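Here are my notes for you, since you are coming to this one fresh. Have the viewer open and follow along point by point.

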Amino acid sequence: MVPGPQRQTRRVELRMKSYPWPDGARAVIFLSVNFDAETLDLKETTPDRMYGRFGYGRYGVRAGFPRLVALLEKHSIPATFFVAASDARRHPDLIRTLVDKGHEIGARGIDLEDFSKLGDAEPKILKESRDILADVCGKAPVGFRAPDGNMSVNTLRYLAELGYEYDASFLDSDFPYCMEPVPGKTIIEVPATYALDDGPIYSARHTHARVMTVFRDEIYAMREAGTLIPLTLHLRGDFGSTRGARIAALDELFTQVKSHGDTHFMNGAAIAAHARSLGLTPEPDPAAAHLATLAKTVYRGDLAVKPK
Amino acid sequence: MTTRSIFPEEMRCVVLMGIDYDGTSHEVGRGIAPLGKNSCGRYSARDGVPRLLDMLDRHEVPATFFIPGYDAEHHPESVAEIDRRGHEVAAHGYLHEAWPLESAEEEVLLKRTDRILREVTGKPVLGWRSPSGRKSDTTLGVLKSMGYIYDSSEKDFDLPYRARFGKGADDTIIELPNNAYSLDDFPFYKFSYTPPSEVLAQWKGEFDSIYCSEGFVVLSVHPRSAWGSGTPSHTKVMSDFIAYAKSHDGVKFFDSRTFAKWCLDHSDKLEELSYV
């Protein structure tokens, strides 16, 4: 592990990278929406108790959906909706509306499962969710985002075997990159960031004005740096972005971003296809180098530091 | 107890910047594979450290990178680059042990990380910052026995001081206390999701207060994504903070080892806190 003579030849990789976006774009916004309707509430309660506080998912499909769709249409933004198969079965008309309007549908499990804990059931659930979305949409999804960002060391391999083109679950890079979980079958990673995700910020109970300040600070700095700008929204009425005032705030933000002219919107499939066209060298499996250490390390859970 | 500055007029305000590398060690050490939402540590070597190094180059200011040994094993080229660009490589646990360790195990890990870092840079390691602020009553003795001259883990003072860990004449080490609550990145970006522009205002406020009093600023950041400072917007906050600090008279940036040596040379100006 001590650096050998290759140190000098690798120096170029130690500098900040740049990325050749298509059509002269300075930076590209990947607008994705985690659909997460009733399926998310059903992780907290049972079908006979889906009232009151467990109605925020229902808000998203009843009240929020048309607002968000109209906003995207107004700004001609192609988006990717990651949809749990249960939500797609429950709302096939909404999913077909999205497809008809040119948006991409990506996979997100059947019932927003924790993919780090599925064990042998994992490939079956990935396949079944893909088949359900294919049935509802008329074509199979090419992208996947793990519910709550949880993945097993096998998820990427299963995705590659099932013919997925890209994953959008990692939080580790300024740019898309390539992995080869199965010899000859590559997966493009289109990473996200929590800094541009309405979920955690609205969950911290910030006002929409403050959330827009975060989004603006992030988007402007990323545009300056020419990176992928992964903006993640939710459809829900609690920590999602479809309340009227939040949609109005996004309307203003998109108007400002569009006025730059050099920041383009692309959906996940288009970003992955472009990355694939660049012939990127596949990177090593993200877990492989850590498996030996993980095998002898006690699970301690998330760092138990909470503000007092 | 004094809270007035102990520094000469030409360095009336000292700024130390500690960058806690916190790569995949942060998750792997807790038994979590660095995948999906647990992949933020992968950002450090890939994008965060290169961006911070370029930013520091532009300002021509030094920093100290506190690095877990495990991360240095996995990214020796990144650690070597930090050293080559003139910054300090210091220790930060092996697997970012954010839990209490038995003394014997702690000593093994301190020595392992020390060896790993020395092998990468070919230089002695002179300082340590505890991962998540945990250490024991034997930590400082082990650090001193390895030739370390400072620790930067305490949260209990506004100035550097001598920490006494034994009764012998040499049983002291320089302590450079930091503030992981309001002059750090993760409290704002991880817990409160404060907008980056407000974080800048917060850090400037901390600076203003310290500049007018003790004159000892210790900023702690992380290169990882999400709650770190290696991303474009968060690096910009740090860059703007550095520019703001530099615009004041008598502000001097040091890496921690250089400043700890100044403290050793001016030991009479420091308070001593005895743990024995």
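1. Let's start with a pair to click on: the side chains of B:Lys37 and A:Asp148 form a salt bridge, with 2.9 Å from N to O. Keep in mind while you look that this is a predicted model. The pair is one example from a longer tally, as six salt bridges are found across the interface of chain A and chain B.

2. Stay on A:Asp148 for a moment. You'll find A:Asp148 in the loop between β4 and α7 of chain A. With a relative accessibility of 48%, A:Asp148 falls in the partly exposed class, because that class runs from 20% to 50%. The backbone deserves a glance too: phi of A:Asp148 is near 55°, which is positive in a residue other than glycine. For context, most residues other than glycine have a negative phi.

3. Now zoom out to the whole interface. How much area do chain A and chain B bury between them? About 5100 Å², with 58% of it on carbon and sulfur atoms. If that way of putting it is new to you, the size of an interface is often given as the accessible area lost when the parts come together. In terms of residues, chain A brings 55 to the contact and chain B brings 52.

4. Polar contacts across the interface can be counted as well: there are 20 such residue pairs between chain A and chain B, both partners being at pLDDT 80 or more. On the chain A side, the elements giving two or more residues to the surface that touches chain B are α8 (198-203), α9 (208-225) and α12 (291-295). Which of these gives the largest share? That's α9 of chain A, with eight residues.

5. Back to the loop between β4 (143-144) and α7 (155-161) of chain A, where A:Ser152 also sits. Is A:Ser152 buried or exposed? Its relative accessibility is 14%, so A:Ser152 counts as buried, the cut-off being under 20%. The side chain of A:Ser152 makes a polar contact of 2.7 Å with the side chain of A:Glu122. Beyond residues up to four places away in sequence, A:Ser152 touches A:Phe115, A:Ser116 and A:Glu122, plus B:Leu35 from the other chain.

6. Another positive phi to check is at A:Leu112, about 55°, and this residue is not a glycine either. A:Leu112 is in the loop between β3 (104-107) and α6 (122-137) of chain A. At 4% relative accessibility, A:Leu112 is classed as buried.

7. Next, go to A:Thr242, in the loop between β8 (228-234) and α10 (244-260) of chain A. Its relative accessibility is 0%, so A:Thr242 counts as buried. Leaving out neighbours within four places in sequence, A:Thr242 has contacts that include A:Tyr59, A:Gly60, A:Arg67, A:His234 and A:Ile247. Its side chain also reaches the backbone oxygen of A:Leu235 at 2.8 Å.

8. Last stop, chain B. A nonpolar surface patch of about 260 Å² is made up of B:Leu273, B:Tyr275 and B:Val276. B:Tyr275 belongs to the segment after β10 (271-274) of chain B. At 39% relative accessibility, B:Tyr275 is partly exposed.

Conventions. Residues are numbered from 1 along each chain as its sequence is written. Chains are lettered from A and ligands numbered from 1 in the order in which they are written. This is a predicted model: local features need pLDDT of at least 70, side-chain atom pairs count only at pLDDT 80 or more; totals for chains, interfaces and linings use all residues. Side-chain values use heavy atoms; hydrogens and water are left out. Patches are made of residues with over 30% relative accessible area and no salt bridge: like charges are joined within 9 Å, nonpolar side chains (Val, Leu, Ile, Met, Phe, Trp, Tyr) within 5 Å. Accessible areas come from the Shrake-Rupley method with a 1.4 Å probe; for residues, only the protein chains shown count as cover. A salt bridge is a side-chain nitrogen of Lys or Arg within 4 Å of a carboxyl oxygen of Asp or Glu. Helices (H or I, at least four residues) and strands (E, at least two) are DSSP runs, numbered from the N terminus. Buried means under 20% relative accessible area, exposed over 50%, partly exposed in between (1.4 Å probe, protein chains only). Contact means heavy atoms within 4.5 Å. Buried area is the accessible area (1.4 Å probe) that two parts lose on being put together, summed over both. A polar contact is a pair of N or O atoms within 3.5 Å; within protein, one must be able to donate a hydrogen and the other to accept it, and residues adjacent in sequence count only if both atoms are side-chain atoms.
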